[in-house]
Amino acid sequence: IMDAQKEICPEDKLPRVWTTLVRLIKEKDGSKAEGIFRMSGASFDIDRLKETLNKGAFDIEFDGDVNT
C-alpha cells in the first residue's frame with residue numbers, strides 16, 4: 001500500500017486508508033460511541049466503504065454508522 005501511495009502522496013508517512021478512517025471516526029464523534037471497536041457495522045455499509053477505499057477514493061463523506 002505504501003509503495004503505491006508514494007507515487008500519489010510521497011509526503012504521507014501513514015497509509016491514507018488509515019488517516020481517512022481516523023478522520024471519519026472523528027467526524028462522527030466516534031470517541032464518544034460505546035463499543036466502537038467491538039460492535040460491527042452494517043455489512044452493506046462496510047462493503048460500500050471498502051469498495052470506495054479500494055478504488056483509491058480517500059476524500060469521501062460517509063453517512064453510515066460510526067461502527068462501520
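**Exercise 1. Is Arg-48 buried, partly exposed or exposed, at 34% relative accessibility?**

Before starting, note that this is a predicted model, where local features need pLDDT of at least 70, side-chain atom pairs count only at pLDDT 80 or more, and totals for chains, interfaces and linings use all residues. Residues are numbered from 1 along each chain as its sequence is written, and side-chain values use heavy atoms, with hydrogens and water left out.

Step 1. Recall the cut-offs: buried is under 20% relative accessible area, exposed is over 50%, and partly exposed is in between (1.4 Å probe, protein chains only).

Step 2. Arg-48 has 34% relative accessibility, so Arg-48 counts as partly exposed.

**Exercise 2. Find the salt-bridge partner of Arg-48 and describe its setting.**

Step 1. Apply the rule: a salt bridge is a side-chain nitrogen of Lys or Arg within 4 Å of a carboxyl oxygen of Asp or Glu. Side chains of opposite charge can pair when their charged atoms come close.

Step 2. Arg-48 pairs with Asp-45, with 3.2 Å between the closest N and O atoms.

Step 3. Locate Asp-45: helix α3, residues 43-54. Helices (H or I, at least four residues) and strands (E, at least two) are DSSP runs, numbered from the N terminus.

Step 4. The two residues are 3 apart in helix α3, so about one helical turn separates Arg-48 and Asp-45. An α-helix has 3.6 residues a turn, so residues three or four places apart point the same way.

Step 5. Asp-45 is buried, because its relative accessible area is 14%.

Step 6. List the contacts of Asp-45, where contact means heavy atoms within 4.5 Å. Leaving out residues up to four places away in sequence, Asp-45 touches Phe-62, Gly-64, Asp-65 and Thr-68.

**Exercise 3. Count the salt bridges, then examine two more of them.**

Step 1. The rule gives 4 salt bridges.

Step 2. One of them joins Glu-27 and Arg-23, whose closest N and O atoms are 2.9 Å apart. These residues are 4 apart in helix α2, so about one helical turn lies between Glu-27 and Arg-23.

Step 3. Check exposure. Glu-27 is partly exposed at 46% relative accessibility. Arg-23 is partly exposed too, with a relative accessible area of 27%.

Step 4. Another bridge links the side chains of Lys-55 and Glu-51, at 3.4 Å from N to O. Lys-55 is exposed at 64%, while Glu-51 is partly exposed at 47%.

**Exercise 4. Test the length of helix α2, then look at Thr-20 inside it.**

Step 1. The expected span of a helix is 1.5 Å times one less than its number of residues.

Step 2. Helix α2 (residues 16-27) has 12 residues, so it should span 16 Å, and its end C-alpha atoms agree, being 16 Å apart.

Step 3. Look past the helix. Asp-29 follows α2 and has a positive phi, near 50 degrees.

Step 4. Thr-20 sits in helix α2. Its relative accessible area is 4%, so Thr-20 is buried. Not counting residues up to four places away in sequence, Thr-20 touches Leu-53, Phe-58 and Ile-60.

**Exercise 5. Place Glu-7, then rate confidence in the model.**

Step 1. Glu-7 belongs to helix α1, residues 2-8. Its relative accessible area is 70%, so Glu-7 is exposed.

Step 2. Glu-7 and Gly-30 are 23 residues apart along the chain, and 31 Å separates their C-alpha atoms.

Step 3. Turn to pLDDT, the predictor's confidence in each residue, from 0 to 100. The protein chain has a mean of 82, and 99% of its residues reach 70 or more.

Step 4. Compare the elements of the chain: α1 has the lowest mean pLDDT, 75, and α2 the highest, 88.

Terms used: Contact means heavy atoms within 4.5 Å.
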